Amino acid sequence: MSAMISVDGLVKEFRKVRPHEGRLGAVRTLFTRHHDVTRAVDGVSFSVGEGELVGYLGPNGAGKSTTIKMMTGIVMPTRGSVRISGLDPWRDRSRNAARMGVVFGQRTQLWWDLPLRESFRLVGAIYGVSPADYRESLARFVDLLDLGEFLDRPVRQLSLGQRMRGDLAAAMLHRPRVVYLDEPTIGLDVVAKDRMRAFVEETARAGATTIVLTTHDLADVERLCPRVILIDHGRVLYDGDVRGLKAAYATHRELVVHLAPDERTGRAPAISPGDVLGAEIVSQEQGLVRIRFEASRIAVQHLIDSVNRNYPVRDLSIVEPDLEGVVRRIYSEGLTP
Ligand SMILES: Nc1ncnc2c1ncn2[C@@H]1O[C@H](COP(=O)(O)OP(=O)(O)OP(=O)(O)O)[C@@H](O)[C@H]1O
C-alpha cells in the first residue's frame, strides 16, 4: 500500500503575546513583547496508506484538530513535514483542496438558505464535477444516506442528523482521494449515527478513499477503524490496531459473579475479600459481584475455584475491558506503553 499521507516530525507552536500587568501595562506591551508558546503538536510522525481508514484519537486539547488543519493546509507547520499524495498542503493549498473532502461535525459547509439540492449543485460546480459523475454520485448518496425526503428543503430547516448527512454527501461529491471527518457523529441520535457509520463503512470498503476520522465516540472507532493513532499533549502514544491497544493498556479483567439468594432470607451472601486474595471487589449489590484482577498476576481458574467453593454461584463470566474503559484510563492516567 503506497502512502497517501506522510507526516514526519510535525510540530506546531502557537505564540500569543503576554500582556504586561499593572498600570501602563498596555503601553509597555506595545514596546516589549513576551510570548507564551503553546506547542499543540509536538513531533508527530505517521503515514496512512491509500484507501486506509484511520481513527485519530485523543482527549480534548491533545492536538488532533491542529494536525488535521496542517493536513488540510489551513495551518502552516512550525517544523516537520506533511505530504498528501506528494503535495505540501500549505504550499499547494488549492491542488490539495481539490483532492480532499472535510466534514466538521460542529459546523456546516452548506449554504444555510439554499435547498440541499442547490448546495450540492454549487459544490459540484465549484469542483468542476462532470454532469454524468454528478448525477451518479448524487443518486448513490440519496440512496445510501436516505436524503430523498429533504433534498428540496433549505439547510436551515434540517435536523442535525439530516444536515450532517447532507454535509457528508457534499464533502464526497467531487470524489476526493482523502476525507477528513472531524467528529462526524457528534450530537446525533442512534439512528442517524448508524446511517453515518454505514456510509463511512461503505466508502472505506470501496477502497478508493483514504479516511482520517477524529472522534470522541468510541463506538465509531470499534465499528469503523482497523487502526487508531492515539495522541496526547501533541505526541503519539499509540499507533496500531484496536486489539493491540487493548493488549497494551488493558491488563486487568473483571470476574462478574451472580450469586443465588438464600432461600430463607431472600438475600444473596456477600463475598469476602479474603476469598479473592490478590483481586479487588469493585462492587457487590443484590448478588451481583464485580471482581477486578490483573490477568498476568492471578490465575483466573484459581479465583473461580475459590468463589465456586465458598458461594452459591448462579452464573459467572469474565469481562475484558472495552475500548471505552481502556481509553478513559489512558486519558486520565496518561500511561505510556
Ligand atoms: N489558534 C490557536 N492559538 C493558540 N492556541 C491554540 C490554537 N489552536 C489550538 N491551540 C491550543 O493547542 C492545543 C491543541 O488544540 P487542538 O484544538 O488541536 O486539540 P484537539 O485535540 O483537537 O482538542 P478537542 O478534542 O477539544 O477538539 C490546545 O492547548 C489548544 O488550546
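## A strand covered on both faces

Both faces of strand E7 are covered: Thr210, Val212 and Thr214 on one side, and Ile211 and Leu213 on the other, are all buried. That comes from a predicted model, as does everything below. Side chains in a regular strand alternate between the two faces of the sheet. E7 spans residues 210-214, and five of its five residues are buried, so the strand is largely enclosed by the rest of the structure.

Now for the strands beside E7. Strand E3 (residues 53-57) runs parallel to E7 and is joined to it by four bridges. Strand E6 (residues 178-182) is parallel to E7 too, with five bridges joining the pair. What stands opposite leucine 213 on the E3 side? There you'll find glycine 55. Leucine 181 also has leucine 213 in E7 as its bridge partner.

Here are the strand pairs for which bridges are listed:

| Strand pair | Direction | Bridges |
|---|---|---|
| E3 (residues 53-57) and E7 | parallel | four |
| E6 (residues 178-182) and E7 | parallel | five |
| E10 (residues 252-259) and E12 (residues 288-294) | antiparallel | seven |

On to the nonpolar packing. The largest nonpolar core has 63 residues, and those with the most contacts inside it are Leu168, Ala169, Val179, Ile211, Leu213 and Leu230. Which helix gives the most to this core? Helix H6 (residues 160-172) does, with six residues. Apart from this core lies another one, of 11 residues, including Val257, Ala279, Phe293 and Val307. Back in the largest core, Leu230 is worth a look. Setting aside neighbours within four places in sequence, leucine 230 is in contact with Leu57, Gly58, Leu237, Tyr238 and Ile330.

Gly58 turns up again around the ligand. The residues there are Phe14, Lys16, Thr38, Ala40, Gly58, Asn60, Gly61, Ala62, Gly63, Lys64, Ser65 and Thr66. Strand E1 (3-18), strand E2 (34-49) and helix H2 (64-72) are the elements that give two or more residues to this shell. H2 has the largest share, three residues.

How is the protein chain divided? An automatic or database assignment gives domain 1 (3-247) and domain 2 (251-320). Taken over C-alpha atoms, the centres of domain 1 and domain 2 are separated by 45 Å.

Next comes a second group of strands. Four of them form an open sheet in the order E11-E12-E10-E13, with antiparallel pairing. Strand E11 (280-285) and strand E13 (313-319) are the edge strands, each pairing on one side only. From one strand to the next, the twist averages 15 degrees. Within the E10 and E12 pair, histidine 258 has leucine 288 in E12 as its bridge partner. Helix H10 (residues 300-310) lies across E10, E12 and E13, and runs at about 160 degrees to E13.

One last residue to pick out is leucine 138, found in helix H5 (residues 131-145). Why is leucine 138 called partly exposed? Leucine 138 has 19 other C-beta atoms within 10 Å, and a residue needs 20 or more to be buried, while 12 or fewer would make it exposed. Leucine 138 and arginine 121 are 17 residues apart in sequence, and their C-alpha atoms are 9.7 Å apart in space.

Terms used:
Residues numbered from 1 in each chain as written. Predicted model: local features only at pLDDT ≥ 70, side-chain atom pairs only at ≥ 80, totals over all residues. Core = buried A, V, L, I, M, F, W, Y, C linked by C-beta atoms within 7 Å. Contact = placed C-beta atoms within 7 Å. Pairing = 2+ DSSP bridges. Axes fitted to C-alpha atoms, helices over the stretch in contact; angles between N-to-C directions. Near = placed C-beta within 6 Å.
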